[in-house]
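Here's a quick briefing to keep beside the model while you click through it. Have the structure open and follow along topic by topic.

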Amino acid sequence: MIQQPYDCAPTRLRLYQAFIAFCACGLVGGISAGAASGATRYALVSVTVAVAALSVHRAFRLELSASRDGVKIRNFWRSFELGWNEITDVGVGLKAMGVVPQSAFVFRVSEREFCAQATPSKRSDREAAFNALRALAPPAVTFHPPTG
């Protein structure tokens with residue numbers, strides 16, 4: 001039986017990350033611009049708008065995809081490509097995104113762990129995704145089902 005590749009790019013999570021990025025940039029930039037005057041204020045507003053736009057754009061890159069070859073993780077700041085031959089364990093943990101910890105798939109490679117921000121937030125969707133990943137992985141990978 002041929003297993004279809006798994007792709008996850010949750011819109012709700014992307015929108016949440018974009019909102020947090022926009023608010024953080026706006027708050028810092030707004031306070032800084034409010035404390036300045038003249039040309040400095042306009043420069044700070046311009047920089048704030050540019051940084052906010054870039055931050056919101058980065059939030060829309062969150063993605064987790066898997067195939068028979070391995071896993072590709074695209075988080076807000078970094079991306080990783082892991083081969084199934086490197087991965088020893090897969091589980092579900094918590095990753096701070098914005099101000100709230102969110103569920104995240106965790107892939108262990110040797111002594112290092114890689115969290116995927118693009119993890120479904122609904123329990124039923126997360127369990128379905130977990131099972132899809134398990135179906136793609138070789139038997140040597142140990143899966144630790146989420147509890148609770």
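Start with strand S5 (residues 87-97) and S8, which run parallel to each other and pair over 2 bridges. One spot to look at there is Val 90, which sits opposite Phe 143 in S8. Bear in mind that this is a predicted model.

**The open sheet**

- Zooming out from that pair, 4 strands make up an open sheet, ordered S7-S6-S5-S8, and the pairing in it is mixed.
- The edges are taken by strand S7 (112-116) and strand S8 (142-143); each has a single partner strand, so one side of each has no neighbour in the sheet.
- As a general reminder, strands of a sheet pair through backbone hydrogen bonds, in either the parallel or the antiparallel sense.

**Strands S1, S2 and S3**

- Strand S1 (residues 6-8) pairs with strand S2 (residues 63-66) in the antiparallel sense, over 3 bridges.
- To find that pairing on screen, look for Asp 7, which stands opposite Ser 65 in S2.
- S2 also pairs with strand S3 (residues 70-74), again antiparallel, this time over 4 bridges.
- A hairpin of 3 residues takes the chain from S2 to S3.
- Leu 64 has Ile 73 as its bridge partner in S3.

**The nonpolar core, with Leu 64 as a way in**

- The largest nonpolar core has 32 residues, and those touching the most other members are Tyr 6, Leu 64, Ile 73, Trp 84, Ile 87 and Phe 107.
- Helix H3 (residues 123-136) gives this core its largest share, at 5 residues.
- What is the relative accessibility of Leu 64, and is Leu 64 buried or exposed? The value is 0%, and since buried means under 20%, Leu 64 counts as buried.
- Leu 64 lies in strand S2, and beyond its neighbours within four places in sequence, its contacts include Tyr 6, Ile 73, Phe 105, Phe 107, Ala 116, Ala 118 and Leu 133.
- For a sense of scale, the C-alpha atoms of Leu 64 and Asp 125 are 14 Å apart, with their positions 61 residues apart along the chain.

**Phe 80**

- Phe 80 belongs to strand S4 (residues 79-83).
- Its relative accessible area is 15%, so Phe 80 falls in the buried class.
- Setting aside neighbours within four places in sequence, Phe 80 is in contact with Val 71, Lys 72, Ile 73, Asn 75, Arg 112 and Phe 114.
- Phe 80 and Val 100 are 20 residues apart in sequence, and their C-alpha atoms are 23 Å apart in space.

**Salt bridges**

- How many salt bridges are there? The count comes to 3.
- Arg 74 pairs with Glu 63, with 3.9 Å between the closest N and O atoms. This one links distant parts of the chain, as Arg 74 is in strand S3 and Glu 63 in strand S2, 11 residues apart.
- Both of those partners are partly exposed: Arg 74 has a relative accessibility of 25%, and Glu 63 has 23%.
- Arg 108 and Glu 113 form another, and their closest N and O atoms are 2.7 Å apart. Arg 108 is partly exposed at 26%, and Glu 113 is partly exposed at 46%.
- Arg 123 and Glu 127 also meet through their side chains in a salt bridge, at 3.2 Å from N to O. Both lie in helix H3, 4 residues apart, which is about one turn of the helix.
- In that helix pair, Arg 123 is partly exposed with a relative accessible area of 46%, and Glu 127 is partly exposed at 34%.
- The general background is that side chains of opposite charge can pair when their charged atoms come close.

**A nonpolar patch on the surface**

- Which residues make the nonpolar surface patch of about 320 Å²? They are Leu 27, Val 28 and Ile 31.
- Leu 27 is found in helix H1 (residues 11-35).
- With a relative accessible area of 55%, Leu 27 counts as exposed, because the exposed class takes in values over 50%.

Definitions and conventions: Residues numbered from 1 in each chain as written. Predicted model: local features only at pLDDT ≥ 70, side-chain atom pairs only at ≥ 80, totals over all residues. Heavy atoms only, no water. Patch = residues over 30% accessible without salt bridge, like charges linked within 9 Å, V, L, I, M, F, W, Y side chains within 5 Å. Areas by Shrake-Rupley, 256 points an atom, 1.4 Å probe, with all protein chains shown as cover. Salt bridge = Lys/Arg side-chain N within 4 Å of Asp/Glu carboxyl O. Buried < 20%, exposed > 50% of the residue type's maximum accessible area, 1.4 Å probe, protein only. Pairing = 2+ DSSP bridges. Core = buried A, V, L, I, M, F, W, Y, C linked by side-chain atoms within 4.5 Å. Contact = heavy atoms within 4.5 Å.
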